[in-house]
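I am keeping these entries as I look things up in the structure, one topic at a time. The sequence and the model come before my notes.

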Amino acid sequence: MTPLGDSFHVFDTTLRDGAQREGISYSVNDKLAVARLLDSLGVGFIEGGWPGAMPKDTEFFARAAAGELTLKHAQLVAFGSTRKAGVKVEQDAQVRALLDARTPVVTLVAKSDRRHVERALRTDVAENCAMVRDTVAFLVNEGRRVFVDAEHFFDGYAYDPDTALRVLESAVEGGADVVVLCDTNGGQLPLGLAETVADVVARTGFRVGIHCQDDTSCAVANTIAAVQAGATHVQCTANGYGERAGNADLFAVVGNLVTKLGLQVLPHESLAELTRVSHALAEIANIAPDTHQAYVGSSAFAHKAGLHASAIKVDPELYNHIDPDTVGNDMRVLVTEMAGRASLELKGREFGIDLTRRPEALTNVVRKVKELEAGGWSFEAADASLELLLKEELSDLDAPPFVLESYRVVLDHHQDGSIVSEATVKVHVAGERVIATAEGNGPVHALDAALRKALLPHLSWLDAVELNDYKVRILTDQHGTDAVTRVLVESTDGEREWTTVGVHGNIVEASWLALCDALVHKAMRVSPSPA
């Protein structure tokens, strides 16, 4: 719960509206990971998707209900539509799917523009309002808290305000807690939008939320303007992901609400996590972080030499609108590349490492991380690799459970079109030299199988470790077959999950580095250490 409690809602829809961005395709495991990160940040509500309409979303809610998702701050939300025209709400399969999702909160989307009611739904305003009222009341009677997204509200209000307000009234009559005014086409500008929000609040007295698309590049500004006009519920997506031009960026909205309006909409300690969580979510989405993103971009507090740098030497606040540490970011002077100490101190604290007592070591770690990141490494979504790096630099890391002598991967393409990968590894483990060969459905799979075959007789815990996810990104500063490859590997032992990273010009070597880090990190957590 945030310091503001239920009086102000930060509602995240990354897993529903954000997933509609071109190029994003979350697996169910991805969706669970995204939800955990958002919950760690302290948002109040996480809209997980549309059960019954999307098979992956249905599975996500089923796995969440089965215990795979434990939320400390947020409530999970299922999204869906009202009953269909002419259908009893108890008999509507989509409404039943919302109940089957077993979430404490449901968001319903409802048409609030008369033109959409008549042309898209092919019904009249009275039946549309009945659909909203019936569905809300049914879900409330089943013990659900209900929010209603009034789709195309601003366009509908401009065209026929009476109809738009009738839809809101129907939702509240049914028992909805919040009516969300949606700029679905993303065509609004801040002053006009704020005027409409204020008018609706004054005329109805309802609790009002805001949902803005970014087609005019005003989604964040429109969201903040709506809050200033009386909205107490903001719907956003991580990094502004969403269809077309996207949605209001969660991190910019929260940054503005807290630092500019003084609204403590997240737990006090969470603001410093904005940058880390933003970048981690970008990695899961397999989208390069926006370096120029407000508050959390790597260039958000970057200054070139000259006038800015001279002033910063006197007082950093002269050219920074806030202290970058506030949002977990760093100020950089591009000539000297000042960056990283605050973030690494914070991460070290999470790992139980007090870097503030070892300033020289911290300086060396910052330099090392900077050098690696310049080469394409990214530790934002790879905490396990970062922890290994910190402990290695501080000489706090035990000897690795194995040492590589060499590996070889062979790819056989047969006349019948079948492809077989074979890998051989030579490692030293527990005082022995071990050679193992295995086949796989690809070079990385074969390499992983061979390594496991070599190590399993000597590392009793290895059998519990599984590869949970594997992501590859070709870094964009180089192209073609010479491009640098970044690999993220997510592993699990059934009790916890951890992510490691590898970077190299060769995808197999990048994968090997990430796989090795995954096993070394597991070995570090095993007590007593394996022989």
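I began with charges over rings, and I found the charged end of K31 sitting over the ring of F60, at 5.2 Å from its centre. I also found R115 lying over the face of Y159, where the distance to the ring centre is 4.3 Å.

Before going on, I noted that this is a predicted model, and that the protein chain has an average pLDDT of 90, with 92% of the residues scoring at least 70. I marked two stretches for caution: over residues 305–313 the pLDDT stays under 50, and the model has 11 contacts beyond four places in sequence for them. Over residues 334–339 the pLDDT likewise stays under 50, and here the model has 14 contacts beyond four places in sequence.

Next I turned to the aromatic rings, and a search of the whole structure gave me 8 aromatic pairs. I looked up F153 and Y157, whose ring centres are 5.4 Å apart and whose planes meet at 25°, so I recorded the pair as stacked, since planes under 30 degrees apart count as such. These two residues are 4 apart in helix α6, which means that about one helical turn separates F153 from Y157. I checked their surroundings too, and both F153 and Y157 are buried. Elsewhere I noted one aromatic cluster, formed by F11, F45 and F147.

Is D160 buried or exposed? I first placed D160 in the loop between α6 (153–159) and α7 (161–174). Its relative accessible area is 14%, and because buried means under 20%, I entered D160 as buried. I then looked for a partner, and found a polar contact of 3.3 Å that joins the side chains of D160 and R114.

How many of the 11 residues of helix α15 are buried? I found 8 of them buried in this helix, which covers residues 383–393, so α15 is largely enclosed by the rest of the structure. Among the buried residues of α15 I listed A384, L386, E387 and K391. Just after α15, I noted that S395 takes a positive phi of about 60°.

My last entry concerns two strands, β12 (residues 419–429) and β13 (residues 432–440), which run antiparallel and are joined by 9 bridges. Following the pairing across, I saw T424 standing opposite T437 in β13. The two strands, β12 and β13, form a hairpin with 2 residues between them, and in the turn A430 has a positive phi of about 55°.

Notes
Residues are numbered from 1 along each chain as its sequence is written. This is a predicted model: local features need pLDDT of at least 70, side-chain atom pairs count only at pLDDT 80 or more; totals for chains, interfaces and linings use all residues. Side-chain values use heavy atoms; hydrogens and water are left out. Two strands pair if DSSP finds at least two bridges between them. Buried means under 20% relative accessible area, exposed over 50%, partly exposed in between (1.4 Å probe, protein chains only). A polar contact is a pair of N or O atoms within 3.5 Å; within protein, one must be able to donate a hydrogen and the other to accept it, and residues adjacent in sequence count only if both atoms are side-chain atoms. pLDDT is the predictor's confidence in each residue, from 0 to 100. Contact means heavy atoms within 4.5 Å. Rings of Phe, Tyr and Trp (its six-membered ring) pair if their centres lie within 6.5 Å; planes under 30 degrees apart count as stacked, over 60 as edge-to-face and the rest as tilted. A charge sits over a ring if NZ of Lys or CZ of Arg is within 6 Å of the ring centre and within 35 degrees of the ring normal.
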